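Here's a quick tour of one helix and some charged pairs. Have a look at the model first, then read on.

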Amino acid sequence: MVATVMEAAGALEQNGVTVAEYSPVMLERAVTLYSELRDLDRLQDVRRLVRGRELEVGEDVRQAIAAAEDFERRNATVDPAPLWEGRDRLRAEFLSFLDDHPVLLMAVATVPPYALDGPAPRVGGREHGMWDVLAPCRLISLFGVPAATVPFGTSPDGLPIGVQVVGRPFREDEVQAVARMLAGSATWDGRAARHSEVIG
């Protein structure tokens with residue numbers, strides 16, 4: 001995943017975009033904060049959609065629902081305000097970062113693509129379910145900023161690997177310009193940051 005982000009950054013540099021490598025510190029906390037806020041929501045929307053159709057969804061979704069129900073039983077009176085305040089602070093830090101680096105390239109997932117009907121991938125000796133695998137997307141969702149995914153490279157098994165292009169609020173034009181450039185059809189005269197660590 002890291003190599004793919006680096007290759008995408010290199011492609012942008014070849015097209016005249018100034019690229020620098022950064023590791024925005026707020027991203028690591030964003031992954032856990034997203035999960036904490038989602039736990040408080042107790043996956044109500046997902047539970048409504050899945051009710052009566054549990055066998056039609058993957059084991060990871062069933063496990064997430066079970067965890068949300070367990071959390072609900074144990075934490076019926078948790079005050080969400082401090083978590084939302086924490087989200088606002090992290091978002092402000094991230095937006096400040098984007099003031100200097102209007103576009104961020106990062107991984108879409110924590111692991112290369114794998115067969116959904118096969119074993120779950122293991123990272124650091126721990127099995128990663130779909131929620132873990134998509135941590136980079138979840139953390140960007142927490143910030144409410146525009147993002148696009150561009151296929152850029154393939155895994156050793158020939159499956160496509162995507163790069164996430166993240167931008168400033170209301171600047172979908174910049175995100176789309178970089179995404180088109182990575183897809184080979186446009187140019188952009190801005191600056192980008194490359195985040196070469198995989199969060200999750």
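## One helix, two sides

In helix H5, the buried residues (under 20% relative accessible area, 1.4 Å probe, protein chains only) are Leu83, Gly86, Arg87, Leu90, Phe94, Phe97 and Leu98. Look down the axis of H5 and these buried residues fall within an arc of 115°, so they line one face of the helix; the arc is taken from the directions from the helix axis to the C-beta atoms. An α-helix has 3.6 residues a turn, so residues three or four places apart point the same way. On the other side of H5, Arg89, Asp99 and Asp100 are exposed (over 50%; partly exposed is in between).

This is a predicted model, where local features need pLDDT of at least 70, side-chain atom pairs count only at pLDDT 80 or more, and totals for chains, interfaces and linings use all residues. Residues are numbered from 1 along each chain as its sequence is written, and side-chain values use heavy atoms, with hydrogens and water left out.

Now for the charged pairs. The structure holds 13 salt bridges (a side-chain nitrogen of Lys or Arg within 4 Å of a carboxyl oxygen of Asp or Glu). Here are some, with the distance between the closest N and O atoms:

| Pair | Closest N and O atoms |
|---|---|
| Arg126 and Asp132 | 3.4 Å |
| Glu174 and Arg168 | 2.4 Å |
| Asp173 and Arg171 | 2.7 Å |

Glu174 is buried, at 8% relative accessible area. Arg126 is partly exposed at 41%, and Asp132 is partly exposed at 24%. Salt bridges also link Arg42, Arg47, Glu69 and Glu72 in a network.

Definitions and conventions. Helix = DSSP H or I, 4+ residues; strand = E, 2+ residues; numbered from the N terminus.
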